[in-house]
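Visitor: Please take me through one part of this model up close: the salt bridges, and the pocket beside them. I'm happy with a long answer, as long as it hangs together.

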Amino acid sequence: MSDTTETTPGWLTRDELDMARAQMPILYVEAVPVRVDETGEVTSIGLLLRIGTDGTISRALVSGRVMHHERIRDALLRHLEKDLGPVALPHIPASLQPFTVAEYFPTAGITPYHDPRQHAVSLAYIVPVTGDCRPRQDALDLVWFSPEEALSAAVQGEMPGGHAALLKQALAHVGRTY
């Protein structure tokens with residue numbers, strides 16, 4: 001896959017995106033990258049290290065918009081490759097049933113999910129990866145945490161906008177609650 005630019009068909013210019021965000025919800029996909037053992041048990045969770053536009057450093061999940069005329073499966077693969085690198089070797093589930101649907105609002109407190117830029121609806125997936133992950137684009141690093149570490153107050157405190165709540169839901173979905 002190649003990097004997507006604003007000249008790619010189906011991609012919006014910055015002004016068009018701002019106008020769309022002001023008028024309607026935008027569809028996103030989010031992925032919780034995991035490593036699993038031979039029995040399918042989640043052994044570690046990969047969290048991206050990012051720098052925000054305001055200079056703050058935070059941990060995040062793989063996420064991004066679904067483009068016009070793009071299949072969900074293709075959007076997931078595109079964002080996993082964009083954030084984790086071309087040899088992450090993600091295993092997209094055969095059934096694209098998300099573990100949850102997260103609804104982000106520009107007004108904090110309506111749901112656990114907050115995005116000051118927009119109202120967004122996100123389909124969230126747990127995606128095992130088996131390859132070599134090398135963060136790209138705006139991700140500084142990818143750190144693998146055990147499920148216990150990922151749910152610690154320290155790590156959860158570094159995940160703004162509802163990603164901490166989404167990670168808790170993902171781990172509960174695979175039977176890992178603490």
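Guide: Let's settle one term before we start: a salt bridge here is a side-chain nitrogen of Lys or Arg within 4 Å of a carboxyl oxygen of Asp or Glu. K82 and D83 fit that rule, with N to O at 3.0 Å. Keep in mind that what you're looking at is a predicted model. The idea behind the rule is simple: side chains of opposite charge can pair when their charged atoms come close.

Across the structure there are ten salt bridges. Stay with D83 for a moment, since D83 also forms a salt bridge with R50, where the closest N and O atoms are 2.8 Å apart. D83 sits in helix α2 and R50 in strand β2, so this pair ties together parts that are 33 residues apart in sequence. How buried are the two partners? D83 has a relative accessible area of 0%, so it counts as buried. R50 comes out at 12%, and because buried means under 20%, R50 is buried as well.

Now swing over to R117 and D115. They form a salt bridge too, with their closest N and O atoms 2.7 Å apart. Here the partners differ in cover: R117 is partly exposed at 48% relative accessible area, whereas D115 is buried at 10%. There's also a network to look for, in which E41, E148 and R176 are joined by salt bridges that share partners.

Several of these names come back when you turn to the largest pocket. It holds about 1400 Å³ of space. Its lining takes in 41 residues, and the ones nearest its centre are R50, S63, D115, R117 and D138. Follow the wall around and you'll find that α1 (14-23), β1 (26-36), β2 (42-51), β3 (57-60), β4, α2 and β6 (120-128) each give two or more residues to the lining. Which element gives the most? That's α2, with four residues. This is the helix that holds D83 of the D83–R50 pair.

Next, look at the loop leading into that helix. H69 is in the loop between β4 (62-65) and α2 (72-84), and its phi is positive, about 70°, although H69 is not a glycine. That's worth a second glance, because most residues other than glycine have a negative phi. H69 is exposed, at 78% relative accessibility. Past the other end of α2, in the loop between α2 and β5 (100-104), you'll meet L89. L89 also has a positive phi, near 55°, and isn't a glycine either. L89 counts as partly exposed, at 48% relative accessibility.

Two last stops. The aromatic count comes to one pair: the ring centres of Y104 and Y113 are 5.2 Å apart and their planes are at 50°, so the pair is tilted. Both Y104 and Y113 are buried. On the surface, I51, I57 and L140 make a nonpolar patch of about 300 Å², and L140 of that trio is found in strand β7 (residues 139-145).

Definitions and conventions
Residues numbered from 1 in each chain as written. Predicted model: local features only at pLDDT ≥ 70, side-chain atom pairs only at ≥ 80, totals over all residues. Heavy atoms only, no water. Buried < 20%, exposed > 50% of the residue type's maximum accessible area, 1.4 Å probe, protein only. Patch = residues over 30% accessible without salt bridge, like charges linked within 9 Å, V, L, I, M, F, W, Y side chains within 5 Å. Areas by Shrake-Rupley, 256 points an atom, 1.4 Å probe, with all protein chains shown as cover. Phe/Tyr/Trp six-rings, centres within 6.5 Å; stacked < 30°, edge-to-face > 60°. 1 Å grid on protein atoms, 1.4 Å probe; cavity = no way out; pocket = protein on both sides within 12 Å on 5 of 7 lines; lining within 4 Å. Points joined across faces, edges and corners; volume = space filled by probe spheres on them.
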